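Thanks for coming. I have one structure to go through today, and I will keep to the fold, the core and the charged residues.

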Amino acid sequence: MQAKYKIDFISNNSINPGTMTKFLKSGELSSNWFEIDAKDAVVGRLASIIAMIVRGKNKTTYTPHMDDGDFVVVKNVEKAKFTGKKFKDKKYYKHTGHPGGIKETTPEKLLEKNKPEEYLKLAVKRMLPGGVLGRKQLTKLKIYVGKDHPHSAQNPKLLDLKKLNSKNI
């Protein structure tokens, strides 16, 4: 029995260029500046928002293999909070590379050492890719203790965490 319709498979093999994903070239990249006040913000929720912005996932031009993220300035990081008992019980591990060289610390110890920006940086770092691209994207995160920062010349846009989600604060 003959088919009623004749389909030309050769012409249907081409990909429609109108539906292909547009990837940015390095000359088309642009970065904006955002400012976040971390006062009373939950560290994990704050870190996930920062990681999304630094990675560039908030843009329609997101390209996974390129650094298309925006700069984020976080102020008042010492006033960020942990939920539950994480402030005392959460442990960060690192290894020196020598036998028996595992080191551990807690957010409470970091605050005693006057390094409150370190626990937010560690949280964001672990939400980024683990290679060269992730290290480059982490440099777009600027964390400061107190309300003053030296990036006011870039005119950062203020992000209100409470407007994003009421659970953030």
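I will start with the overall layout and then move on to particular residues.

First, a caution: this is a predicted model. Please keep that in mind for every distance I quote.

The protein has seven helices and six strands. Going along the sequence, the order of elements is α-β-α-β-α-β-β-α-α-α-β-β-α. There are 169 residues, and 35% of them are buried.

Now the core. As a general point, nonpolar side chains in soluble globular proteins tend to be buried together. Here the largest nonpolar core contains 29 residues. Which of them touch the most other members? They are Leu46, Ile50, Val72, Leu120, Val124 and Leu141. Two or more residues each come from S1, H2, S2, S5 and helix H5, which spans 117-125. H2 is the biggest contributor to this core, with eight residues.

Just ahead of that helix is Val42, in the loop between S1 and H2. Val42 has a relative accessibility of 12%, so it counts as buried. Its C-alpha atom is 6.9 Å from that of Thr83, although the two residues are 41 apart along the chain.

Next, the charges. Side chains of opposite charge can pair when their charged atoms come close. How many salt bridges does the structure hold? It holds four.

Take Lys75 and Glu35, whose side chains form a salt bridge at 2.8 Å, N to O. Lys75 is in strand S2, residues 71-75, and Glu35 is in strand S1, residues 33-37, so this pair ties together parts that lie 40 residues apart in sequence. Are these two residues buried or exposed? Lys75 is buried, because its relative accessibility is 16% and the cut-off for buried is under 20%. Glu35 has 11% relative accessibility, so it is buried as well.

Another salt bridge joins the side chains of Asp67 and Lys140, at 3.7 Å, N to O. Asp67 sits in the loop between helix H2 (43-55) and S2, while Lys140 sits in the loop between helix H6 (132-138) and strand S5 (141-143), so the pair ties together parts 73 residues apart in sequence. Both Asp67 and Lys140 are buried.

Then there is Lys59 with Asp68, a salt bridge at 3.5 Å, N to O. Lys59 counts as buried, at 17% relative accessibility. Asp68 is buried too, with a relative accessible area of 2%. This pair also belongs to a network of salt bridges that links Lys59, Asp68 and Asp70.

Last, the surface. Which residues form the positive patch? They are Lys86, Lys90, Lys121, Lys125, Arg126 and Arg135. I will pick out one of these, Lys90, which is found in the loop between helix H3 (86-89) and strand S3 (92-95). Lys90 has a relative accessibility of 33%, so it counts as partly exposed.

To recap: H2 gives the most residues to the largest nonpolar core, four salt bridges are present, and Lys90 is one of the residues in a positive surface patch. That is all I have.

Key. Residues numbered from 1 in each chain as written. Predicted model: local features only at pLDDT ≥ 70, side-chain atom pairs only at ≥ 80, totals over all residues. Heavy atoms only, no water. Patch = residues over 30% accessible without salt bridge, like charges linked within 9 Å, V, L, I, M, F, W, Y side chains within 5 Å. Areas by Shrake-Rupley, 256 points an atom, 1.4 Å probe, with all protein chains shown as cover. Lys, Arg positive; Asp, Glu negative; His and termini not counted. Charge placed at Lys NZ, Arg CZ, Asp CG, Glu CD. Helix = DSSP H or I, 4+ residues; strand = E, 2+ residues; numbered from the N terminus. Buried < 20%, exposed > 50% of the residue type's maximum accessible area, 1.4 Å probe, protein only. Core = buried A, V, L, I, M, F, W, Y, C linked by side-chain atoms within 4.5 Å.
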